[in-house]
Amino acid sequence: MKPIQMVDLRTQYEHIKSDVDAGIQEVIDSAAFVKGAKVTTFQHHLEQYLGVKHVIPVGNGTDALQIALMALGLKPGDEVITPTFTFIATAEVASLLGFTPVVVDVDYNTFCMTPEAVEKAITPKTKAIVPVNLFGQNANLEALKQMAEAHNLHIVEDACQSMGSYYKFNNGTQKASGCVGDIGCTSFFPSKNLGCYGDGGALFTNDDELAEKIRVIANHGMAVRYYHDSIGVNSRLDSIQAAVLDAKLPHLNDYIAARQKAANFYNEAFSNCEQIVTPTTAPYTTHSFHQYTIKLEGVDRNNVKEALAAKNIPAMIYYPVPLHMQKAYRNERYKQGDFPVAEKICNSVLSLPMHTELDNEQLTFIVENTLDIIKAIR
Ligand SMILES: *Cc1c(COP(=O)(O)O)cnc(C)c1O
């Protein structure tokens, strides 16, 4: 059996080596390392794939979130609502820009922020909602969008983990994840659903005016060279990363299908185990399984993780501490007990190996050992 890894980028590369190598070589031959043709080509291919008017490539997913918030024209002290159970980036960029991140609790089943919690957190200072489409499925975006319209708020989707997922509207239509809100942000970090071989990210929007603002902000606030209309940043996807992404994009649907297949394997194997709560996919979304995250009930998650490690099965805790209990945010306005669902989730989640190259032998080994371990330490 091949060694089990959380993510196996090496094996994935072997299947697409000739395309990736040729793309990288083309960039080197052209010497257009920054703002080269490859970046524009990939941008257009991704626009087609997502069915969105504008893709603006940038340096990473965190930059994408920061630039999105900069483009909305918020004022210092304006409030931005984001979930407490997530990676810190959404709250972090709001804080850096002088806005106030307001965190809310999440749903136990989907791990995403609930519209009810958001509604309660809205104040006259609220200007934007930043849902995170966590682990690969969309938050309840249609409900959030209706709320945003009623309160005149912007929606910036953190789609860093949900590339390749679709949101299903009540009327039967669907849109690519990241293309439902005013702006969507994604990351091309190597382990993401569509990952490059370094850092990368992008913003999505159907709004021409916002797209222009975003392009200018990402380029030093400069629409005409050396004339700076606003304070911007320097954030670009480099051409070599664009070449890698352009080689991988045609395989993205297969990659998502491989993740879903592995998730189904896990779900079936764990369906009769009382201690394992398998992930739920909400009816309004497809799931791209960026992570396969179970919750353990009545058995110590940390013990399970250690016992798996002893069998050379890696597992990760995404995330051990909710934002409101991070040192960076404690003492401001939050305390332990404020968001009980997120706190419970942080103590019980375990993410199992999930990637495009898992085979049945590896999956069988993982589930058999997980079930044995739980039986033994119960
Ligand atoms: C990965 C990730 C980010 C940040 O992306 P980087 O490219 O690493 O800056 C932001 N939000 C979420 C939910 C992520 O998973």
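## Strand pairing around Tyr292

In this predicted model, Tyr292 stands opposite Leu352, a residue of strand E14. The two strands concerned are E13, which spans residues 292-296, and E14, and they pair in the antiparallel sense over four bridges. Strands of a sheet pair through backbone hydrogen bonds, and the pairing can be either parallel or antiparallel.

The pairing of E13 with E14 belongs to an open sheet of three strands, whose order is E12-E13-E14 and whose pairing is antiparallel. At the edges of this sheet lie strand E12, made of residues 276-277, and strand E14, made of residues 349-352, each of which pairs on one side only.

## The ligand and its surroundings

The space taken by the ligand is the largest pocket of the model. Going along the chain, the residues that surround the ligand are Asn60, Gly61, Thr62, Phe87, Ala89, Val132, Asp158, Cys160, Gln161, Ser187, Lys192 and Gly200. When this shell is sorted by class, it has four nonpolar residues, six polar residues and two charged residues.

Which side chains of the shell bring an N or O atom to within a few ångströms of an oxygen or nitrogen atom of the ligand? One of them is Thr62, where an N or O atom of the side chain is 2.6 Å from an oxygen atom of the ligand. Another is Asp158, whose side chain has an N or O atom 2.8 Å from a nitrogen atom of the ligand. A further one is Ser187, where the distance from an N or O atom of the side chain to an oxygen atom of the ligand is 2.7 Å. On its own the ligand has 380 Å² of accessible area, and the protein covers 90% of it.

## Backbone details in two loops

Two places in the backbone deserve a separate look. The peptide bond that joins Tyr318 and Tyr319 is cis, with an omega of about 5 degrees. Tyr319 lies in the loop that runs between helix H10, residues 301-310, and helix H11, residues 340-348.

The other place is Phe111, a residue other than glycine that nevertheless has a positive phi, with a value near 70 degrees. Where along the chain is Phe111 placed? Phe111 is found in the loop between strand E3, which covers residues 100-104, and helix H5, which covers residues 115-121.

Notes:
Residues are numbered from 1 along each chain as its sequence is written. This is a predicted model: local features need pLDDT of at least 70, side-chain atom pairs count only at pLDDT 80 or more; totals for chains, interfaces and linings use all residues. Side-chain values use heavy atoms; hydrogens and water are left out. A residue is near a molecule or strand if one of its heavy atoms lies within 4 Å of it. A polar contact is a pair of N or O atoms within 3.5 Å; within protein, one must be able to donate a hydrogen and the other to accept it, and residues adjacent in sequence count only if both atoms are side-chain atoms. Accessible areas come from the Shrake-Rupley method with a 1.4 Å probe; for residues, only the protein chains shown count as cover. On a 1 Å grid over the protein atoms alone, a cavity is a set of points where a 1.4 Å probe fits but cannot get out, and a pocket is an open set with protein on both sides within 12 Å along at least five of seven lines; lining residues have an atom within 4 Å of a point. A molecule sits in a cavity or pocket if more than half of its atoms lie within 2 Å of its grid points. Ala, Val, Leu, Ile, Met, Phe, Trp, Tyr, Cys and Pro count as nonpolar, Asp, Glu, Lys and Arg as charged, and the others, Gly among them, as polar. Two strands pair if DSSP finds at least two bridges between them.
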